[in-house]
Amino acid sequence: MLEPLELYVQSYESVARTFEALIKDLPRVIADNTGEVTAAILADKESRTAFRYLTAPPISDDDLKTLAGVKISTKALRNDPQLALRVRDVVMRIIDPHRFPWVPGRRQPTNGELRLAVAASSVLVASKVVETSRRHDAKRNQEDLVKSVLRAEGFEQVPTRTVPQPHLAPEAGQFCGESKFGSTRADILVHLRDGRIMPIECKVSNSDVNSYKRVNHEAANKARQWLSDFGRATTVPAAVLSGVYNPANLFEAQRAGLAIFWSHRLEDLAKFVGSAA
C-alpha cells in the first residue's frame, strides 16, 4: 500500500530519456562495423543498463559478459572496440520482438512503435529500481532495529571485522555489523556474555515461495556451515525474519540449527541475549 511512487516516477523519467536516445541509435548500432558506436553505449552506465534491457527477458550484466565471452570494461572497450560487437550480437540475437518488432523485421519503426518501446522498456527498469530499493531498505531497517535492541541490552557496537576463529570475534558483550565469520558472512555478529558467538542473518520475504530462498537456501545453509566450522557449543546461528514465510520452510531451517526471531517481536531476541549470561 505504501509503494514508493515518487522513486518510480523519477526512475521512469530518467531512464526514458536514456531509452529514447538508445532506440534512436539502434540503426547505427546494427550497422556498426568498427564497434565504436556500441562501445560508447556500453561505456556509459545508464546506456549500458538500457542496452541490457532490450532483450527478452532483460539480461544481467554477468550473463551478458558470459554469453559474449568478453570483459565489458571501459579500458577493455577503449583498447579493442571490436569487443563491443560481440556484445551487440548477443543482444540483437535475443532482442524483444514485441517491443522492437521492426528490428527482426528489418524495417523502419512507426512513431507509435517508438513511443511504445520507450514506455515499455522504461517501466521494466523503473520497476526493478523500486523493487531493489524496497528490498534493500527493508533489510537495512531490520538490521538497524536489531542493533538498537542489542544496544538497549547493554551490548557495545564495535567495527566490522573478519573472524576466521571465535577468539578473534568482538569481546563478550559486544557486536559488529556485517562481518565474515568463518567461511561466510553474517549480517550482525554478536558475542553473547556466556561466551557463545551468535551470527545473525536479517531476512525479508514477500511470499512463501520466496521464503525458501531467504531462509533455507541462504540463512539455514549458513547455519549449517557455522555449526560445522565451530560447533554447537560455541555457536548460535540465528535469523531475524519479517514478511511472509511457509511454516514448513521454517521448521526445516530450525532442524538445521537456525534460531528464529521475528522483527515484530524483537522483545524475544532481547530476552534471549539478556539471559545468555
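**Exercise 1. The Asp268 pair**

Asp268 has a relative accessibility of 26%; assign its burial class and find its salt-bridge partner.

Solution. The model is predicted: local features need pLDDT of at least 70, side-chain atom pairs count only at pLDDT 80 or more, and totals for chains, interfaces and linings use all residues. Residues are numbered from 1 along each chain as its sequence is written, and side-chain values use heavy atoms, without hydrogens and water.

- Step 1. Take the classes: buried is under 20% relative accessible area, exposed is over 50%, and partly exposed lies in between (1.4 Å probe, protein chains only). Asp268 is therefore partly exposed at 26%.
- Step 2. Apply the salt-bridge criterion: a side-chain nitrogen of Lys or Arg within 4 Å of a carboxyl oxygen of Asp or Glu. Arg265 meets it, with N to O at 2.7 Å from Asp268.
- Step 3. Classify the partner. Arg265 has 40% relative accessibility, so it is partly exposed.

**Exercise 2. Linked charges**

Identify the residues joined into one network by salt bridges that share partners.

Solution.

- Step 1. Begin with the pair Lys203 and Glu201, whose closest N and O atoms are 3.4 Å apart.
- Step 2. Check burial. Lys203 is buried at 8%, and Glu201 is buried at 1%.
- Step 3. Extend through shared partners. The network comprises Glu201, Lys203, Arg214, Glu218 and Lys222.
- Step 4. Place Lys222. It sits in helix H8 (residues 208-230); helices are DSSP runs (H or I, at least four residues), numbered from the N terminus. With a relative accessible area of 19%, Lys222 is buried.
- Step 5. List its contacts (heavy atoms within 4.5 Å). Leaving out residues up to four places away in sequence, Lys222 touches Thr184, Arg185 and Glu201.

**Exercise 3. The nonpolar cores**

Which helix gives the most residues to the largest nonpolar core?

Solution.

- Step 1. Define the core: buried Ala, Val, Leu, Ile, Met, Phe, Trp, Tyr and Cys residues joined through side-chain atoms within 4.5 Å.
- Step 2. Find the hubs. The largest core has 35 residues, and those touching the most other members are Phe19, Ile23, Phe51, Leu54, Val87, Met92 and Phe100.
- Step 3. Assign elements. Those giving two or more residues include helix H1 (5-31), helix H6 (82-93) and helix H7 (111-152). H1 gives the most, with seven residues.
- Step 4. Inspect one hub. Beyond four places in sequence, Phe51 touches residues including Leu22, Ile41, Val87 and Met92.
- Step 5. Separate the other core. It has 20 residues, among them Val149, Phe261, Ala270 and Val273.
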